[in-house]
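Colleague: I would like a close look at one part of this model, set in the context of the rest of the chain. Please take your time over the answer.

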Amino acid sequence: MSASPVTLMVARRVEHGRYFDFNRWLNEGRELAADFAGYLGSGVLAPPVDDNEYQIIFRFSSSETLAAWEHSASRHAWLERGAGLYEAPHEHRATGLDTWFQTSVSSIPPRWKQAVAVWLAFFPISLLFQWLFGGVLAEWALVPRVVVSTLMLTPVMVFVFIPLSMRLLAPWLQGKWSPLDMLARWRQTSRS
């Protein structure tokens with residue numbers, strides 16, 4: 001079993017016309033998971049306009065704590081209450097940085113795209129942080145200055161801006177969009 005955090009990613013296709021019921025049921029499940037030891041958080045990525053597949057993410061401190069939740073009677077009862085709201089789910093477990101980028105079992109973008117996506121999230125927030133607090137922290141010794149900045153920036157990056165960057169850049173990360181495509185379309189419309 002693993003001693004590092006484990007992320008369970010579940011893809012569920014919602015039955016037509018059941019979105020409200022599905023979201024209510026899903027929130028109940030997230031609240032249920034929060035009551036279990038080792039729960040670190042969860043999130044939901046809504047589908048694009050032309051799709052009905054939700055990506056649900058549950059993160060636990062270890063494989064053991066995830067297994068305790070997965071095999072619990074309360075989770076099984078919750079899943080039964082969701083019958084008819086979605087098609088059979090697809091599940092995947094992951095550890096490490098790849099969990100931010102993986103949208104299906106086989107689609108992890110190249111490392112260079114991952115690096116660009118993280119940098120695009122990190123640079124503006126770091127710049128803003130330095131603009132707001134740089135003058136105050138400049139007089140501090142190096143170690144306390146770095147400790148304070150990383151303590152403040154890491155949670156904001158991990159829980160807000162990196163997931164936001166991944167969502168906004170998803171078409172590019174998945175190879176479904178490229179800047180060259182956009183340039184070609186722009187050229188076609190400018191000639192018209």
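Which exposed residues does the face of α3 turned away from its buried side carry?

Modeller: This is a predicted model, and what follows should be read with that in mind. On the face of α3 that is turned away from its buried side, the exposed residues are A73 and E80. The helix itself covers residues 73-81, and its buried residues are R75, W78 and L79. These three cover an arc of only 100° around the axis, and they therefore sit on the same side of α3.

One of those buried residues, W78, leads from the helix to a group of aromatic rings, since ring pairs link F22, W25, Y54, W78 and Y86 into a cluster. In total, 11 aromatic pairs are counted in the model. In one of them the ring centres of F22 and W25 are 5.7 Å apart and the planes stand at 40°, so this pair is classed as tilted; for that class the angle has to be neither under 30 degrees nor over 60. F22 and W25 both belong to helix α1, which comprises residues 19-34, and they are 3 residues apart, about one turn of the helix. Both of these residues are buried, and for F22 the relative accessible area is 0%.

F22 also forms an aromatic pair with Y54, again tilted, with 5.1 Å from centre to centre and 50° between the planes. Because F22 lies in helix α1 and Y54 in strand β3, residues 53-60, this pair ties together parts that are 32 residues apart in sequence. Y54 has a relative accessibility of 9% and so counts as buried, the limit for that class being under 20%.

Two further residues in these elements can be placed by their C-alpha distances to positions elsewhere along the chain. In helix α1 there is also D21, which is partly exposed because its relative accessible area is 25%. The C-alpha atoms of D21 and L85 are separated by 7.3 Å, although the two residues are 64 residues apart along the chain. Strand β3 also contains Q55, which counts as buried because its relative accessibility is 18%. Q55 and E91 are 36 residues apart in sequence, and the distance between them, C-alpha to C-alpha, is 9.7 Å.

For the wider setting, the protein has 8 helices and 4 strands, and along the sequence these follow the pattern β-α-β-β-α-α-β-α-α-α-α-α. Of the 192 residues in the protein, 32% are buried. Among contacts with a separation of 6 or more, 69% are between residues 24 or more positions apart.

Another part of the chain shows how two helices pack together. Two packed helices are described by the angle between their axes and the distance between the axes. For helix α5, residues 111-137, and helix α6, residues 142-168, the angle is about 145° and the axes are 9 Å apart. The crossing of α5 and α6 is right-handed. On the α5 side the contact involves A117, V118, A121, F122, I125, S126, F129, F133 and L137, while α6 contributes R145, V148, S149, M152, L153, V156, M157, F161, I162, S165 and M166. By residue type, the contact of α5 with α6 divides into 16 nonpolar, 3 polar and 1 charged.

Helix α6 also contains T154, which counts as partly exposed because its relative accessibility is 42%. T154 and F122 are 32 residues apart in sequence, and 9.5 Å apart in space from C-alpha to C-alpha.

To return to your question, A73 and E80 are the exposed residues on the face of α3 turned away from its buried side, whereas R75, W78 and L79 are the buried residues of this helix, and W78 is among the residues that ring pairs link into a cluster.

Terms used:
Residues are numbered from 1 along each chain as its sequence is written. This is a predicted model: local features need pLDDT of at least 70, side-chain atom pairs count only at pLDDT 80 or more; totals for chains, interfaces and linings use all residues. Side-chain values use heavy atoms; hydrogens and water are left out. Axes are lines fitted to C-alpha atoms, for helices over the stretch in contact, and angles run from 0 to 180 degrees between N-to-C directions. Helices (H or I, at least four residues) and strands (E, at least two) are DSSP runs, numbered from the N terminus. A crossing is left-handed if the near helix is turned anticlockwise from the far one by less than a right angle, and right-handed if clockwise. Contact means heavy atoms within 4.5 Å. Ala, Val, Leu, Ile, Met, Phe, Trp, Tyr, Cys and Pro count as nonpolar, Asp, Glu, Lys and Arg as charged, and the others, Gly among them, as polar. Buried means under 20% relative accessible area, exposed over 50%, partly exposed in between (1.4 Å probe, protein chains only). The arc is that of the directions from the helix axis to the C-beta atoms. Rings of Phe, Tyr and Trp (its six-membered ring) pair if their centres lie within 6.5 Å; planes under 30 degrees apart count as stacked, over 60 as edge-to-face and the rest as tilted.
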